[in-house]
Amino acid sequence: MARTDLFEAPDYYNLDDLLTDEHKLIRDAARAWVKKEVTPIIDDYYERAEFPRQILKGLGEIGAFGPYIPEEYGGAGLDQISYGLIMQELERADSGIRSTASVQSSLVMYPIWKYGNEEQRKKYLPKLATGEMVGCFGLTEPDYGSNPTGMITHFKDMGDHYLLNGAKMWISNAPFADIAVVWAKSEEGRIHGLIVERGMEGFTTPETHGKWSLRASATGELVFDNVKIPKANLLPNKSGLGAPLGCLDSARFGIAWGAIGSAMDCYDSSVRYAKERIQFDVPIGAFQLTQKKLAEMLTEITKAQLMVWRLSVLRNEDRATSSQISMAKRNSVDIALKICREARQIHGGMGITSEYPMMRHMMNLESVVTYEGTHDIHLLITGMDITGIPAFKRDLPDPK
Ligand code: TGC
Ligand code: FAD
């Protein structure tokens, strides 16, 4: 049964005062579109474990695909606050919908824009911006998740083309993507980005089933069995692990805003429920323990909102560091998960049903806390920034 969407966004510190009229227009348009096009269908698609592909065009129309990509390539030419606000509104509906938009924007359009040549930009970006074409991003492999440096996927120079072999897994949008930006090693062991197109012989994208999280997003593998890649499909302007990690900076930033959207939805539902639900002859919102939950939720949401707003200003000025983005991604997802759990409790037994959004958000966030760098990897990135010492790699003592 479709829920009635009564969402009202919390803005305890009047953060709207920090937004321009254009920001508010973009945010409100995305919010209205979500209420009309996503809320009525999302629970059904979630249960069926299917991505609602009919919304791709609408996502393009609200500027969710490449919001900050220049208009000459079909993007919306917006700033980082606008990008963040769109991600917030989409994830307020469902993390899987935000996933599709952030993969398309930050992990497919961004590398083509930043590391591609003019021909590649003109060929792919305008179609990606409208949603006519969908892309995915292949970095993770079965044996290399947190440590992508070890990737096995590789390509060989065959003179007039490259020959690509290997496999990627856990790839959002893979089952229906038209193109994949794939990270693979050259014969010299250097990581490069290649654009692989559906239909190339030897390229398959089997879907991953049995997910209890992010069910409204399609996830799959990318399998390359002697795939011939035209030389024109190599991204020429950046190589090395820093290239895919540069894309991740942009996507992690989008998640830092997006996860707050999930938290806002759970908080908003909780306030309404706490005022309406009567137990012991009074609304449950009259109990101090319920008020404590609500007060702490709103405090954490407000702190996170301030953090991403400041981060966006730094990004607009090109001053944000990767470590600052890691801190915000980790914090937003962490507070959102905690808020979803508290909100579920406020709704009692009703909280486990699809009449309310908490369980869906909570299950989604179990993916969000892991992808784009796990909770612990982001903590270690902050630790490295503080101490200057990377704690990712350990030399185990020789067992002999
Ligand atoms: P390390 O030696 O530290 O760095 C290698 C090179 O990369 C540079 N670099 C960065 N560049 C840009 N942005 C960043 N955030 C960067 N972080 C590092 C670095 O300066 C160096 O450059 P150079 O020129 O000196 O070579 O690399 P490491 O092997 O020690 O790894 C560091 C670590 C663990 C932080 C990194 O591997 C990491 O972030 N791991 C997590 C992997 C990850 O996030 N995977 C995400 C896969 S994509 C995904 O999940 C999409 S979900 C989509 C959705 O549905 O929304
Ligand atoms: P592992 O790296 O095996 O980690 C397992 C555990 O060990 C984690 O708790 C981790 O924090 C911990 N750990 C690992 N290394 C260290 C260390 N040095 N110190 C301390 N703890 C450590 N990838 C893509 O490339 N493209 C996509 O579109 C994409 N979409 C995804 C969609 C979904 C739904 C999911 C679940 C994942 C997706 N991923 C994608 C993959 C995602 O980025 C990886 O799952 C993630 O990077 C973690 O890798 P892993 O699952 O192999 O876990």
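**Aromatic pairs and the ligand 1 site**

The count comes to 14 aromatic pairs, taking rings of Phe, Tyr and Trp (its six-membered ring) with centres within 6.5 Å; planes under 30 degrees apart are stacked, over 60 edge-to-face and the rest tilted. One of them is Tyr68 with Tyr110: the ring centres are 6.4 Å apart and the planes stand at 70°, so this pair is edge-to-face. Tyr68 sits in the loop between helix 2 (56–61) and helix 3 (80–93), and Tyr110 in helix 4 (residues 95–115), so the pair ties together parts 42 residues apart in sequence. Helices here are DSSP runs of H or I, at least four residues, numbered from the N terminus. Both Tyr68 and Tyr110 are buried, meaning under 20% relative accessible area (exposed is over 50%, partly exposed in between; 1.4 Å probe, protein chains only). Ring pairs also link Tyr68 and Tyr110 into a cluster with Tyr83, Trp113, Tyr115, Phe137, Trp183 and Phe253.

A word on the source: this is a predicted model, where local features need pLDDT of at least 70 and side-chain atom pairs 80 or more, while totals for chains, interfaces and linings use all residues. Residues are numbered from 1 along each chain as written, chains are lettered from A and ligands numbered from 1 in the order written, and side-chain values use heavy atoms, without hydrogens and water.

Now the ligand. Which residues come nearest to ligand 1? Of the 27 around it (a heavy atom within 4 Å), they are Ser99, Thr149, Ser172, Asp249 and Arg252. A backbone N or O atom of Ser146 lies 2.9 Å from a ligand 1 nitrogen, and a polar side-chain atom of Ser322 lies 3.2 Å from a nitrogen of ligand 1.

Methods: A polar contact is a pair of N or O atoms within 3.5 Å; within protein, one must be able to donate a hydrogen and the other to accept it, and residues adjacent in sequence count only if both atoms are side-chain atoms. Helices (H or I, at least four residues) and strands (E, at least two) are DSSP runs, numbered from the N terminus.
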